[in-house]
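The following paragraphs lead the reader through a structure step by step. Please keep the sequence and the three-dimensional view at hand while reading.

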Amino acid sequence: MNREIPNGKLDLIFDIRQDGSTYISRQFYKLPMQVLPPHYQDEDGTAFVYMLNPSGGILENDYFEMNFDLKNGANVVLTTPSANKIYKMNSEAALQKTIIRLEKNTVLEYIPEHNIPYANSMFCQETDFFIEKGANLFAWDILSSGRITRGESFDYSYYTANMNFFINDILILREKIKIEPKQFSVRALGVFEDMSILACCYLYSEKLSSNFSDSVFEKLKTFTNLNSGVTLIEPDFMTVKILGNKIADIQEAVVEVWSLARKGILDKKATRIRK
Amino acid sequence: MDNIDSIMHLMQFAGGSFPIGGFSHSFGLESYTEKNSVRNIAKFREFLQTSLNTSLGCVEAPAVCLAYRYMQSGDSDSLIRLDNLITALKPTMELRQASRKMGRGFLKIFCELYPENIVNDYLYYLKNTNVGGNYSVVFGLAVSALNIDIDSAVTAYLYSSISAAVQAGIKLVPLCRIESQKLLIGFYGNIKLCAEAAQTISEEELSGFSPSLDIASMQHEKLYTRLYMS
């Protein structure tokens, strides 16, 4: 397959109308990627947008590319309706590349559902955030070990996920996940240990403070069946890592972090998204 | 530099007595012992092995080698890029602060010992910018500037990191002195393998995935009492 041309593409540019609500000013999609029209559940005109993959999952040789640009104070919640299933592959991995650009004064809440790598899948995910100082970002990335309820856990061939966060074109954080369960022990002390699901949350805002990160830490301490930590890698950049064994527990925890971020940093009310 | 001189330099810089606070850091171990997750030698060995398989062997040691080569070729732009990248790869505040403190401390002392050495240019640069001064990068460029061979240099770096962790383990796990020395000898083979592999890793390949260690480092920030700075 020609890896230079994606077989699925989604490009969206977000802008604001005169009434201050956010809309998709320009869009392009190539199936199987597509997007539903935004809906609005915040009073400030934040656009809630679902990114769709109607094929149901990611297959061998798939190459999906997504570009999202937020301009002129746009406020967007980007999510997916269900978990991203990564199917079995025989020889060629699937690749998903996402580039997100935030102008200052924009707000993006990038909260896709979790990835489920099926047995014998091979997947590479690359996500780059180019953020102008003064923008606000809340994002999460959640990885399950497989179809856990079917007894599949760490049965995939490999999974890599690279996330780069640039603030004013300076690389602030590079997260690299590289897991090859057949090559090294995921259960070793320091890696997954006795946990199976990893969630990472990222919050960038000039309104961040150590008091806020302490409040997130205190909230996560109440989830006694999860192993979690919070850190301010820079005064305006917070990361959270959470390990657990049940997706429902992880989802409840990340939604709590998101709610705290909405109320404490993003000047919005906590909300739920119907899925 | 001949072999004997190299050995003496490396024993001085990486032997544990160079005053950069290397023994003030537990790199997450203190969180594990606080939770009683690492309280015997088997678990501690696993902690060391994961460190060697991830951040130490796949980020820090390769960074020493890359900095060494960039210094040899006079490529200051690449040195600065590498230093920034190493900062970006560190997942927690304590790990970033520890590396920066040790690196800048090392460079300052090195430059007082060798005031005519070209490494002083990098110290000047650090003083005037936000660039990290990460220990692995600074160590790599310093040993390169003295023409110490890269095999010995990266092996010494790895050994001293494991040795510092073992010193923390003696206090925290705790370990008796004889079993801690046997443990160190037991790591010789893995250290040599890591040192060889580190010389082949490019900047793009730098990565060490250890989420539980990251969380332990994050949790260390909030421990009620701490013997160590990280």
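A suitable place to begin is A:D42, which counts as buried because its relative accessibility is 13%. The model is a predicted one, and every value quoted here is computed from it. The side chain of A:D42 meets that of A:R262 in a salt bridge, with 2.7 Å from N to O. A:R262 lies in helix α2 (residues 247-264) of chain A, whereas A:D42 belongs to the loop between β3 (34-35) and β4 (47-52) of that chain, so the pair ties together parts that are 220 residues apart in sequence. A:R262 is itself buried, because its relative accessibility is 0%.

The surroundings of A:R262 lead to another charged residue. A:E109 touches a set of residues distant from it in sequence by more than four places, among them A:R262, A:W258, A:F138 and A:L266. The place of A:E109 is strand β10 (residues 107-110) of chain A. Is A:E109 buried or exposed? With a relative accessibility of 0%, A:E109 counts as buried. Its side chain is joined to that of A:W258 by a polar contact of 2.8 Å. The contacts of A:E109 further include A:T46, A:V76, A:V77, A:L78 and A:K268.

Salt bridges recur elsewhere in the model. Side chains of opposite charge can pair when their charged atoms come close. Over all chains, the structure holds 21 salt bridges. Three residues of chain A, namely A:K9, A:D11 and A:E65, are linked in a network of such bridges. In chain B, B:E60 forms a salt bridge with B:K90, and the closest N and O atoms are 2.5 Å apart. This pair links distant parts of the chain: B:E60 is in helix α4 (residues 55-72) of chain B, and B:K90 is in the loop between α5 (76-89) and α6 of chain B, 30 residues apart. B:E60 counts as buried at 10% relative accessibility, and B:K90 is likewise buried, with a relative accessible area of 10%.

The two chains also meet each other. How many residues of chain A are in contact with chain B? There are 30 residues of chain A in contact with 31 residues of chain B. The area buried between chain A and chain B is about 2600 Å², and carbon and sulfur atoms give 59% of it. Of the area that chain A buries against chain B, 29% is supplied by A:R174, A:K176 and A:L189, more than by any other three residues.

Polar and charged pairs are found across this interface as well. Between chain A and chain B, 15 residue pairs are in polar contact, counting pairs with both residues at pLDDT 80 or more. On the side of chain A that touches chain B, the elements giving two or more residues are β15 (170-179), α1 (210-221), β17 (227-234) and β18 (237-244) of chain A. Four salt bridges are found across the interface of chain A and chain B. A:R174 forms a salt bridge with B:E204, where the closest N and O atoms are 3.7 Å apart. A:E234 forms a salt bridge with B:R96, and here the closest N and O atoms are 3.3 Å apart. A:E234 lies in strand β17 of chain A and B:R96 in helix α6 (residues 93-113) of chain B, so this pair joins two chains. A:E234 is partly exposed, with a relative accessible area of 28%, whereas B:R96 counts as buried at 6% relative accessibility.

The surface of chain B offers a contrasting view. B:I4, B:I7, B:M8 and B:M11 make a nonpolar surface patch of about 430 Å². B:I7 is located in helix α1 (residues 3-14) of chain B and is partly exposed, with a relative accessible area of 40%.

Some details of the backbone complete the picture. Most residues other than glycine have a negative phi, and most peptide bonds are trans. The peptide bond from A:L31 to A:P32 is cis, with omega near 15 degrees, and A:P32 is found in the loop between β2 (22-30) and β3 of chain A. In chain B, a cis peptide bond joins B:V173 and B:P174, with omega about -5 degrees; B:P174 is in the loop between α9 (150-172) and α10 (177-186) of chain B. A:N61, although not a glycine, has a positive phi of about 75 degrees. A:N72 has a positive phi near 55 degrees and lies in the loop between β6 and β7 (75-79) of chain A.

Notes: Residues numbered from 1 in each chain as written. Chains lettered and ligands numbered in written order. Predicted model: local features only at pLDDT ≥ 70, side-chain atom pairs only at ≥ 80, totals over all residues. Heavy atoms only, no water. Patch = residues over 30% accessible without salt bridge, like charges linked within 9 Å, V, L, I, M, F, W, Y side chains within 5 Å. Areas by Shrake-Rupley, 256 points an atom, 1.4 Å probe, with all protein chains shown as cover. Helix = DSSP H or I, 4+ residues; strand = E, 2+ residues; numbered from the N terminus. Buried < 20%, exposed > 50% of the residue type's maximum accessible area, 1.4 Å probe, protein only. Contact = heavy atoms within 4.5 Å. Buried area = accessible area lost by both parts, 1.4 Å probe. Polar contact = N/O pair within 3.5 Å; in protein donor to acceptor, adjacent residues only side chain to side chain.
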